[in-house]
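Biologist: Could you take me through one part of this protein up close, and then show me a couple of other spots to set beside it? Plain language is fine.

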Amino acid sequence: MASNPVHGLPFLPGMSFKDSTKTAFHRCQTLGYRNGYAVVQRPTLGIGGDRLQVTQLSQAELDDLASKAPLLTYGQPKQAPPAEFIPAHVAFDKKVLKFDAYFQEDVPMSTEEHYRIRQVKIYYYLEDDSMSVIEPVVENSGIPQGKLIKRQRLAKNDRGDHYHWKDLNRGIDITIYGKTFRVVDCDRFTQVFLESQGIELNPPEKMALDPYTELRKQPLRKYVTPSDFDQLKQFLTFDKQVLRFYAIWDDTDSMFGECRTYIIHYYLMDDTVEIREVHERNNGRDPFPLLMNRQRVPKVLVKNAKNFPQCVLEISDQEVLEWYTAKDFLVGKSLTILGRTFFIYDCDPFTRQYYKEKFGISDLPRIDVSKKEPAPVKQELPPYNGYGLVEDSAQNCFALIPKAPRKDVIKMLLNDNKVLRYLAALESPIPEDKDRRFVFSYFLATDMISIFEPPVRNSGIIGGKYLGRTKVIKPYSSVENPVYYSPSDFFIGAVIEVFGHRFVILDTDDYVLKYMESNAAQYSPEALLSVQNHVRKREGPAPELENKQTEVDPGVQELEVLIDTIQKQLKDPPCKDNIREAFQIYDKEASGYVDKEMFFKVCDSLNLPVDDSLIKEPIPFPCNG
């Protein structure tokens, strides 16, 4: 226990006494500055200036105290609350340093200036240490201006270091991408920020000016034109005023010539003429915009200038007595320019107003130059040669590779396998032809006709196909507009002329009667009446016919006996219509007859039991039997 050095008493509470006469209780100074640095001094005096009685600690004692951990003596110290962290992009958001600078650009290809001073603004963004260089846009400068260097971090040396705001100051040069910028000044915010960071700013400099720009600001010299006619005044007065004329060049008299349209422009500012071509869509010409470039056009040349080589040298005032002027261009007048004669047929409203004010000409009507197209030449077909159909022959005249004429497919589908059959006699002065009979087959699907002559034994005439399938033209129709025979032309007593041969319809089959009943509107009253009379005669036969039937040929009697015998053998006969349709399918010639082999073939397909011994002779069998 330490003792009180004054009284020799223990240094315990109640054992020490304070001096009542003491009035100073200040602490002595322990901090000082030496060469601009703060220095901590060891205290030698106590409170109130009393000299400390304690002895100074030795170096060993100090090292011993330093080795002791205060944590063992005083415990865990309380940690001070950490300071609030603010990121840079928040602390320096929208804080930008702005510097005024310029750089010098060489102009090697100009006689008026050797270099050019370009003023820029350098922006430094504190939030991410990026920079950008922007040049203010000057109107009509002809130089690409605006953002010269976009916002980015810029390198200041080859080691990869970037520019920092500490590197920027007034009156310094900075090099960015090979260009040296001279910083001359900054704004108020930049100055306050740099001074607050302890940076001493250089004095501001004066912005350099571009010598060529300053030269342009000087007033222009005024010249006085000695002549009465002032071309400058004409240029300034009639600038952008153009007379427009619409003209044609008619070259139809020459071989392969044509009539083409043009637009003639007359520039009032310098009395020059320009001729433009008017292109139409798909006209087959190259799209050249100009026929003649803008130039002055001579009207009257000097006599000696006729042999002047115009293709080599330009024409001057010495070779021209008179040039074309605005008064030479009038609507309805022809002009010869470069060897071509142009006829002016119209102009625009501005040109009409100009002629009315300048020359007093108010009547400039449009002239109609359109040519009426000739009537289309009617295509004439060559005369029909008689081979094939008229429609097939006409296809050779319509196309290089002829195509088959179109067919009515719906009609062919609706009338497929529908045939009208008629019995006809040949109208001929020859006695041998009076007993000849023919079977007309009219095919409703194609409107074609075929003629078959049944063979008659010992007649001396070979029967068979008389006319193949073809369309037959009526005798009174023309070749250009052929009219073919239709079902309405076939009735009892009708005369059908086929290629110069006349036939008279004598009889029809049952299907024709049914067709005429269902399509009575197609037939004339005369045709319907003739069929009705024929049906009445067939239903009520005269007694003379019965007597004639007794004198029938023995071959026919044998046929009737054969038919009766076959019908007796049929226990369950099929439908009569099915038998008729089957025979019609195998009757390709539409003659109404089949031979014996075909007859047995059809009977076998229909399961009809027919004995071969019933037929002794190879006589023809009718299809409707």
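Modeller: Let's start with Ser530, which sits in helix α11, the stretch covering residues 525-539. Keep in mind that what you're looking at is a predicted model. Is Ser530 buried or exposed? Its relative accessibility is 14%, and buried means under 20%, so Ser530 counts as buried. Who does it touch, then? If you skip the neighbours within four places in sequence, Ser530 is in contact with Phe491 and Ile492.

Now hop over to Arg170. You'll find Arg170 in a loop, the one running between β6 (146-152) and β7 (172-176). Arg170 has a relative accessible area of 8%, so it is buried too. Its side chain makes a polar contact of 3.5 Å with the side chain of Asp185. Asp185 also turns up when you list what Arg170 is in contact with, again leaving out neighbours within four places in sequence. That list has Val183, Val184 and Cys186 on it, including also Gln191, Leu201, Asn202, Pro203 and Pro204.

For a change of scene, try Leu12, in the segment before β1 (31-34). With 33% relative accessibility, Leu12 falls between the 20% and 50% cut-offs, so it counts as partly exposed. Leu12 has company out there: together with Leu9, Met15 and Phe17, it forms a nonpolar patch on the surface. Add up the accessible area of those four residues and you get about 350 Å².

So, to put the spots side by side: Ser530 is buried, Arg170 is buried, and Leu12 is partly exposed.

Key: Residues are numbered from 1 along each chain as its sequence is written. This is a predicted model: local features need pLDDT of at least 70, side-chain atom pairs count only at pLDDT 80 or more; totals for chains, interfaces and linings use all residues. Side-chain values use heavy atoms; hydrogens and water are left out. Patches are made of residues with over 30% relative accessible area and no salt bridge: like charges are joined within 9 Å, nonpolar side chains (Val, Leu, Ile, Met, Phe, Trp, Tyr) within 5 Å. Accessible areas come from the Shrake-Rupley method with a 1.4 Å probe; for residues, only the protein chains shown count as cover. A salt bridge is a side-chain nitrogen of Lys or Arg within 4 Å of a carboxyl oxygen of Asp or Glu. Helices (H or I, at least four residues) and strands (E, at least two) are DSSP runs, numbered from the N terminus. Buried means under 20% relative accessible area, exposed over 50%, partly exposed in between (1.4 Å probe, protein chains only). A polar contact is a pair of N or O atoms within 3.5 Å; within protein, one must be able to donate a hydrogen and the other to accept it, and residues adjacent in sequence count only if both atoms are side-chain atoms. Contact means heavy atoms within 4.5 Å.
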